[in-house]
Each structure stands twice: as structure tokens, then as C-alpha cells.
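Got the model open in your viewer? Here's a walk through it, stop by stop, with something to select at each one.

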Amino acid sequence: MSTARPFVFFSSSLDSPEAWRRALDQELGEFDFVVGPECADPAKVDVALVYSVPRGGLRRFENLKAVVSLSAGVNQFRRQDLPPFARLCRSVDRSLTQHMVVYARAAVLRYLRRFDHFERSSREALWRFEAPQRPQDMSVGVLGLGELGSAIALALGQDGFQVHGWSRSTRTLNGVIGHTGEAGLRALAGAVEIVLNVLPLNTQTRGILNRDLFSAMRDGSYLINMGRGAHLVEYDLLDALGTGKIAGATLDVASVEPLPSEHALWRQPSVLITPHVAGLTETRTAATAVAQNIRRAMSGAPLHNEVEVSSLEP
């Protein structure tokens with residue numbers, strides 16, 4: 001592999017540049033590191049390590065070998081943001097998967113044990129008994145059976161829930177009832193009490209959590225969105241909550257983040273909003289895989305978890 005000294009451009013509104021600099025120092029040895037969003041000499045940059053795409057994108061980085069997303073998703077990138085020759089990869093790390101699985105379990109268990117009901121009763125000083133349910137009494141549908149969705153589906157199955165899964169192509173997971181296609185999506189929606197979304201965001205999945213899907217769901221069912229805000233048509237959800245078609249929702253993502261204080265979702269007592277905390281890539285565990293991809297980019301080798309730039313939205 002090449003021993004050239006890599007020049008890394010870092011841009012993120014969430015991650016600590018100093019933490020990443022220290023972690024990569026242990027993995028890479030000698031390298032150059034500049035923190036964005038500004039870069040005085042973009043022609044020197046070999047690799048962009050990015051969560052937040054800088055204003056104007058990365059096209060002026062004329063010698064860019066790779067763009068490494070600091071998250072498992074790449075929907076923050078558009079084709080027009082990237083040089084046509086640059087390669088793009090995701091960061092997939094066990095810490096992210098663990099965080100996502102724990103969040104999914106917590107959200108599902110909250111509905112299983114009616115904590116959403118008890119929370120509202122406690123605000124009204126009401127002692128209102130509801131008998132507990134068993135996991136076997138509740139079914140969950142997971143939209144998206146990639147690495148994260150598969151881990152969530154399998155974990156919920158191990159907890160005793162009846163689990164259905166939907167993906168664009170056929171996936172076989174032990175104990176998970178699989179569905180594909182439009183008919184499969186509606187079949188899943190009508191078979192479960194909870195629909196949990198972890199789909200990637202693309203042109204096919206944008207707005208997939210909409211009026212049509214909600215109409216196929218069971219009366220009084222629940223929605224958990226751990227994917228992206230643009231998966232959800234928010235005012236379709238508000239309508240479904242208003243009619244009681246959907247009894248409640250847990251939303252970790254929003255179309256605009258932070259969600260504006262005047263948004264109607266804040267005023268829905270049956271909606272729990274969390275500030276995009278379901279999954280987090282931890283620097284100390286992710287740095288090894290990121291450093292491997294930086295070295296691979298420098299040598300021209302294929303990247304791990306590479307994404308076709310042509311699959312991005314324009």
C-alpha cells in the first residue's frame with residue numbers, strides 16, 4: 001500500500017475534531033488534518049471526513065480521492081456536492097449498531113408496557129391500571145433490513161416479539177417474516193402493532209411514511225421513525241393521529257432539525273420527540289475502520305462500505 005502522507009479535511013457539526021485528530025493519530029501515524037468548513041488549499045486534500053457538507057460542496061477539492069461519511073447514512077450528500085471522480089463510503093461501526101438496537105428496544109418496550117399511557121396519566125394525577133402485555137402479544141414491523149435493520153429485527157425477535165421485515169430485495173433472517181414490494185409493504189403495515197423505520201433515504205423511500213401507508217396500518221398502531229426526517233410526511237402523521245388511526249409515534253428525526261418550536265408535532269401528547277440520538281458513531285471504536293478506508297483511498301484500493309455516487313439524489 002502507498003505510504004504517502006494523507007491530507008484529511010474534517011467537517012462536522014456534531015463530532016469533535018480534536019477527538020478525531022487524536023484517534024486518527026494513533027491509527028495513521030503522520031498525516032495532515034484541517035478542520036472545515038473552510039479550507040485554504042482544497043487541492044491538497046486527499047480525503048474528506050465529513051458529516052456536515054460545507055457550503056458549496058466539495059467540487060473544488062480537485063484531487064479528492066475519497067469522501068468518508070461520519071455516519072452510516074449518506075443522505076446529507078448530493079451528487080452535485082462531490083467531484084465526479086471521488087468515491088464515497090459510509091462509516092459502519094459496532095457502537096452505532098449497539099446504540100440503534102438499544103433505542104429500538106427502548107421505544108418498542110415503552111409501547112409494550114404502556115408507558116406512553118402511564119406518562120399521560122401521571123401528568124393528570126390519575127391512577128389508571130392497565131394489565132401488562134407479553135412481547136409475544138405484540139408484533140413489530142421493521143422497514144429496512146440492512147446492517148442496522150437486521151440487527152434490530154433479530155434483537156426484537158430474541159426478546160420474544162413477532163417480527164416482520166420489509167426490504168427492497170428479498171432478505172432471509174431467522175425468525176423474521178420477510179416482505180418486499182409495494183404489496184409487501186402494505187401487508188406488513190396491516191400485520192403489526194408497531195411500524196419501525198430504519199430505511200436509507202433515497203428517491204424511492206422519501207415520503208414513504210405517508211397517508212397511504214398509515215391507511216394500511218391497524219387502527220391504534222404505533223410509528224417509530226429512526227431513519228431520516230424526509231421519510232415521514234409529517235402532516236399526514238398529524239392527520240392520522242387526529243383520527244386515532246395511529247395511537248402514538250416516537251420520532252428521532254425531523255424534516256428540519258432542530259424541529260422548530262412552533263411545529264405542531266411538539267403539541268401532540270402522543271408523540272415523543274428525541275433529538276436525533278438513536279445512533280451515534282463513537283470515535284474511539286470507529287477510528288480504526290475510518291483509518292483503514294483512508295489508507296485504502298491513498299492506495300487506490302476499493303473502500304469498505306462504498307456507496308455508488310450515482311445512487312445519490314441530484
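## Stop 1: a charged cluster at the start

Select Arg5 first: its relative accessible area is 43%, so it counts as partly exposed. Keep in mind as you go that this is a predicted model. Now add Glu30, which is exposed, with a relative accessible area of 60%. The side chains of Arg5 and Glu30 meet in a salt bridge, 3.2 Å from N to O. Glu30 sits in the loop between α1 and β2, while Arg5 belongs to the segment before β1, so the pair ties together parts that are 25 residues apart in sequence. Add Asp32 to the selection as well: Arg5, Glu30 and Asp32 are linked in a network of salt bridges.

## Stop 2: the six-stranded sheet

Next, colour the strands of the open sheet that runs β2-β1-β3-β4-β5-β13. Six strands form this sheet, and the pairing is mixed. Which strands are at the edges? They are β2 (32-35) and β13 (306-307), each of which pairs on one side only.

Zoom in on β5 (residues 87-89) and β13: they run antiparallel and are joined by two bridges. For a spot to centre on, pick Cys89, which stands opposite Glu306 in β13. Then show helix α1 (residues 17-28), which packs on the sheet and touches β1 (7-11), β2 and β3 (47-50). If you draw the axes, the direction of α1 makes about 170 degrees with that of β2.

## Stop 3: the seven-stranded sheet

Now move to the open sheet with the order β8-β7-β6-β9-β10-β11-β12. Seven strands make it up, and here the pairing is parallel. Its edge strands are β8 and β12 (271-273), each pairing on one side only. From one strand to the next, the twist averages 15 degrees.

Two helices are worth switching on here. α2 packs on the sheet and touches β6, β9, β10 (221-225), β11 and β12; its direction makes about 155 degrees with that of β11. Helix α7 (residues 234-243) lies across β10, β11 and β12 and runs at about 140 degrees to β11.

While β11 (residues 246-251) is on screen, check its link to β12: the two run parallel and are joined by three bridges. Select Leu251 and you'll find its bridge partner in β12, Ile273.

## Stop 4: around α7

Stay with α7 and click on Asp239, which lies in this helix. Asp239 has 39% relative accessibility, so it counts as partly exposed. Put a distance label between the C-alpha atoms of Asp239 and Arg211: they are 28 residues apart along the chain and separated by 8.4 Å.

Then select Asp219 and Lys245. They form a salt bridge, with the closest N and O atoms 2.8 Å apart. Asp219 lies in the loop between α6 and β10 and Lys245 in the loop between α7 and β11, so this pair ties together parts that are 26 residues apart in sequence. Asp219 is exposed, at a relative accessible area of 65%.

One more pair for the charge hunters: Arg134 forms a salt bridge with Asp137, whose closest N and O atoms are 3.2 Å apart. Asp137 counts as partly exposed, at 39% relative accessibility. If you want to track them all down, the count comes to 15 salt bridges.

## Stop 5: helix α4

Select residues 147-158, helix α4. How far apart should its ends be? At 1.5 Å a residue, the twelve residues should span 16 Å, and the end C-alpha atoms are 17 Å apart, which agrees.

Show side chains and look for the buried residues of α4: Leu148, Gly149, Ser150, Ile152, Ala153, Ala155 and Leu156. Their cover includes α2 (94-112), β6 (139-143), β7 (162-166), β8 (176-179) and β9. After α4 comes Gly160, with a positive phi near 105 degrees.

## Last stop: Asn202

Finish in the loop between β9 (194-197) and α6 (211-216), where you'll find Asn202. Is Asn202 buried or exposed? Its relative accessible area is 13%, under the 20% cut-off, so Asn202 is buried. Its side chain reaches the backbone nitrogen of Gln204 at 3.0 Å. Leaving out residues up to four places away in sequence, Asn202 touches Arg168 and Glu313.

Definitions and conventions
Residues are numbered from 1 along each chain as its sequence is written. This is a predicted model: local features need pLDDT of at least 70, side-chain atom pairs count only at pLDDT 80 or more; totals for chains, interfaces and linings use all residues. Side-chain values use heavy atoms; hydrogens and water are left out. Helices (H or I, at least four residues) and strands (E, at least two) are DSSP runs, numbered from the N terminus. Buried means under 20% relative accessible area, exposed over 50%, partly exposed in between (1.4 Å probe, protein chains only). A polar contact is a pair of N or O atoms within 3.5 Å; within protein, one must be able to donate a hydrogen and the other to accept it, and residues adjacent in sequence count only if both atoms are side-chain atoms. Contact means heavy atoms within 4.5 Å. The expected span of a helix is 1.5 Å times one less than its number of residues. Two strands pair if DSSP finds at least two bridges between them. Axes are lines fitted to C-alpha atoms, for helices over the stretch in contact, and angles run from 0 to 180 degrees between N-to-C directions. A salt bridge is a side-chain nitrogen of Lys or Arg within 4 Å of a carboxyl oxygen of Asp or Glu.
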